Amino acid sequence: MQVFLVGGAVRDALLGLPIKDKDFMVVGATPAQLLSAGFAQVGADFPVFLHPDSHHEYALARVERKNGQGYQGFATDTTGVSLADDLLRRDLTINALAIEVNGLFDDTPKTGQVIDFYNGLEDLKQKILRHISPAFTEDPLRILRTVRFLARYHQLGFKIADETICLMQQMAQNGELGHLSRERLWAESVKAMEAGTAHIYWQSLKTLNILPYFLKALDDCWQDELVFKKVIERLDLAKKDNMAVQFAILCSGYLKNNELNKALIKQIAHQLNAPKHPIHIANLLTDFYDIFNQTPKAVDIINLIEKTKAHQGNRQTLDDTLTAIFLMKQDADDGYSHAVKLLDTAIAIYKDISIKDIDENLTGKEIGLALHQLRIKQIQQLLDETPAHDQ
C-alpha cells in the first residue's frame with residue numbers, strides 16, 4: 001500500500017499559497033482495508049473514504065470509464081490501478097501532481113519529491129492551465145472548473161492553453177453543458193463568488209465565448225459592451241460581499257427596465273437553480289435601484305421596509321439590498337451611511353406606530369389603511385426635516 005498527497009494541496013504548496021484541504025490517494029489497497037482501519041466510505045459506489053481523525057478524503061486509485069452523460073456518467077474501477085493511471089484521469093496537468101507520504105496515519109512526506117507524469121511542474125512554472133488528455137471532454141463540468149481556476153489564479157498571471165480553450169469551446173458548442181445538473185452549475189458559480197473572483201469568472205466565460213452555451217439570456221444582455229463593463233466592474237467591487245449581493249449584481253443588466261430585468265433574473269435563477277434569498281435580493285435591487293437617486297418618498301421608504309421585512313427584525317435582507325443598490329450607483333461609496341441612518345430612523349417610526357395611535361372605532365381594512373397613512377405622514381415629516389445631503 002502506498003499513500004500520496006495529491007491535487008490542490010500539492011499545487012498550492014508549490015505556488016506558495018495556503019493549503020485549504022488535503023486530499024490523498026491510496027494505491028494497492030481495498031475498501032475492506034480502509035474500512036477496517038476506521039475510515040468511513042463516502043457513498044456506497046464511490047471509492048472515497050474519510051479519515052477517522054482528520055476527516056481528510058482518501059480515495060482509492062481508480063480509473064473512470066464513460067457510460068453516460070454529464071459529470072455523473074462514469075463507472076469506476078480500482079483493480080490494479082497505478083498512480084499514473086489515476087493521475088491521467090484528472091482534468092489539468094497542474095492538478096495531477098503527487099507527493100508520497102508515510103502512510104494512512106502519518107501524512108509526513110517520505111522524501112518531498114513531487115511526482116509528475118504529465119508535465120504539470122513545467123505548466124505550473126509557465127502558469128498555464130492545460131488539459132491532460134482527450135478524456136477532458138468526458139466531463140463538461142471541467143469547462144467551468146477550468147474557468148474558475150483561471151479566475152482564482154488570474155492575479156498570478158495564469159492563462160488557459162490555446163488547445164484547451166479550443167477543446168472547451170467545442171464541448172460548449174456541442175451542448176455538453178446542457179448535461180450538467182442545475183445544482184452543479186450553481187455550486188461552481190458559488191465557489192467563484194466565495195473566492196472573490198466572480199468578476200473574472202463571468203468575464204472569462206463571456207470572452208472565451210462559452211457564455212452563450214451556458215447562460216444565453218445573460219450573454220444576450222451583455223452584447224451591450226457598456227452594460228457588460230459596468231456589471232463586471234461592480235462584481236469586482238462586490239468581491240468581498242456575500243453571494244446574494246453578487247448574484248443581484250450579476251442580474252443587473254437591465255436595471256433601467258424593470259420588466260426586462262425581472263425576466264433576466266428569472267432566466268438566470270432557473271438555469272443556475274439559485275436559492276430564494278439571492279433571487280429576492282436581485283428583485284429588490286430592480287425594484288428600488290432608483291430610490292436614493294433623489295429625495296425618496298415616504299411611500300417608497302415604507303415599501304422598502306415592508307418588502308425586506310426590516311420592521312420584523314430581518315435586517316440581513318435590507319442590508320443586502322442597500323449594499324447592492326449603492327454598489328450599482330456610479331457614486332458607490334457616497335450616500336450609503338446616510339441611507340442606513342435614515343432607514344434606521346424610519347424603521348423605528350414604523351414600529352412605534354400601533355393601533356393605539358389611530359381611531360379606536362375603525363374596523364377591518366380601515367385599521368390597516370389608517371396605520372399606513374399615519375406611517376406615511378410621520379416618515380414624510382422625517383424626510384422633510386432631514387437635510388438633503390443626509391438622504
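Colleague: Before we start, what counts as exposed here?

Modeller: A residue is exposed when its relative accessible area is over 50%, and buried when that value is under 20%. Keep in mind that this is a predicted model.

Colleague: Thanks! So is Gly 80 buried or exposed?

Modeller: Gly 80 has a relative accessible area of 74%, so with the cut-off at over 50%, Gly 80 counts as exposed.

Colleague: And where does Gly 80 sit?

Modeller: You'll find Gly 80 in the loop that runs between β7 (74-77) and α3 (83-88).

Colleague: How far is Gly 80 from Arg 62?

Modeller: In sequence they are 18 residues apart, and in space the C-alpha to C-alpha distance is 8.6 Å.

Colleague: Switching topic: which helix holds Glu 188?

Modeller: Glu 188 belongs to helix α7, residues 182-194.

Colleague: Is Glu 188 buried or exposed?

Modeller: Glu 188 is buried, because its relative accessibility is 1%.

Colleague: What does Glu 188 touch?

Modeller: Leaving aside residues up to four places away in sequence, Glu 188 touches Leu 141, Leu 144, Arg 145, Arg 148 and Tyr 201.

Colleague: Now pockets. What's the volume of the second largest one?

Modeller: The second largest pocket comes to about 260 Å³. Twelve residues line this pocket, and Val 227, Lys 230, Ser 252, Gly 253 and Lys 256 are the closest to its centre.

Colleague: Which element gives the largest share of that lining?

Modeller: That's helix α10 (residues 225-237), with four residues.

Colleague: And how do the lining residues divide by type?

Modeller: In the second largest pocket, seven are nonpolar, three polar and two charged.

Conventions
Residues numbered from 1 in each chain as written. Predicted model: local features only at pLDDT ≥ 70, side-chain atom pairs only at ≥ 80, totals over all residues. Heavy atoms only, no water. Helix = DSSP H or I, 4+ residues; strand = E, 2+ residues; numbered from the N terminus. Buried < 20%, exposed > 50% of the residue type's maximum accessible area, 1.4 Å probe, protein only. Contact = heavy atoms within 4.5 Å. 1 Å grid on protein atoms, 1.4 Å probe; cavity = no way out; pocket = protein on both sides within 12 Å on 5 of 7 lines; lining within 4 Å. Points joined across faces, edges and corners; volume = space filled by probe spheres on them. Nonpolar A, V, L, I, M, F, W, Y, C, P; charged D, E, K, R; others polar.
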